[in-house]
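Colleague: I should like to learn how to read a structure of this kind. May we go through some features one at a time?

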Amino acid sequence: MKRVEVIIDADGGIKIDAHGFSGPDCDKATRFLESALGVATKKHKKPEHAQQATQGRKAVQ
Amino acid sequence: MLQPIERLNEQKENKMSHWTTIKTQIRDAGALTAAARELGLTIIPNALARGWAGATKESAYVIKLPGEFDIAVNRAADGTFALDADFYDGSVAKIAGEGFKRLIQLYGVHKATIEARRKGLSVTRQTMSNGSIKLAIQGAL
């Protein structure tokens, strides 16, 4: 299930975490929050994103 | 209990996830007002903020504090709102946090909530044990 989590730390730093998206949908889903909240300082894609192109869905099941 | 199972399913389906780190910039007076209100404070447009030794500062917005000093809110050169106050006696930090951290955190919470709801998304808010606030956003993402 697609889900976006926004974690706002007590020191004011914000982390936006997107789960369950494929490819560029992920960036699209969080862009409105990123631009509204401030300046993105770091972007990180979790490993499963890199694996997706080569492994496909059946390969891991 | 739900979350670990969801995570497991995501791995199975090989869906991606990513995270982005943001440095908060205050641009929305409405969200700042909501943040101030949550701290029990009122915000007044075009007013004088009280500072050190009776000095006042003309400000685009003033967040009124119960102590001797207020928070002045003015546009910086880059168009964002900058916060300014005298932290001398600790009264400002006590309510808004050291370096306005509490106020800025709540600004982020309200700004993200406003933007998500504007898109028709649902927002669930949860305060974590380390003081972070987590918003879970779901819907037509």
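Colleague: Is B:D70 buried or exposed?

Modeller: Please note that this is a predicted model. A residue is called buried when its relative accessible area is under 20%. B:D70 has 1% relative accessibility, so it counts as buried.

Colleague: With which side chain does B:D70 meet in a salt bridge?

Modeller: The partner is B:R50, at 2.7 Å from N to O. B:D70 lies in the loop between strand 3 (56-64) and strand 4 (71-75) of chain B, and B:R50 in strand 2 (residues 42-50), so the pair ties together parts that are 20 residues apart in sequence. B:R50 counts as partly exposed, at 29% relative accessibility.

Colleague: How far apart are the end C-alpha atoms of helix 4 of chain B?

Modeller: One compares an expected span with the distance in the model. At 1.5 Å a residue, the 18 residues of this helix (residues 101-118) should span 26 Å, and the end C-alpha atoms are 26 Å apart, which agrees. Helix 4 of chain B is followed by B:G120, whose phi is positive, near 80 degrees.

Colleague: What separates B:R118 and B:E115 in that helix?

Modeller: They are three residues apart, and therefore separated by about one helical turn. A salt bridge joins them, with the closest N and O atoms 3.1 Å apart. B:R118 is exposed, with a relative accessible area of 60%, whereas B:E115 is buried, at 11%. Salt bridges that share partners join both residues with B:D28 and B:K111 into one network.

Colleague: How many residues has the largest nonpolar core?

Modeller: The largest nonpolar core has 43 residues, and B:L32 is one of those with the most contacts inside it. The largest share, six residues, comes from helix 4 of chain B.

Note on methods: Residues numbered from 1 in each chain as written. Chains lettered and ligands numbered in written order. Predicted model: local features only at pLDDT ≥ 70, side-chain atom pairs only at ≥ 80, totals over all residues. Heavy atoms only, no water. Helix = DSSP H or I, 4+ residues; strand = E, 2+ residues; numbered from the N terminus. Expected span 1.5 Å × (residues − 1). Core = buried A, V, L, I, M, F, W, Y, C linked by side-chain atoms within 4.5 Å. Buried < 20%, exposed > 50% of the residue type's maximum accessible area, 1.4 Å probe, protein only. Salt bridge = Lys/Arg side-chain N within 4 Å of Asp/Glu carboxyl O.
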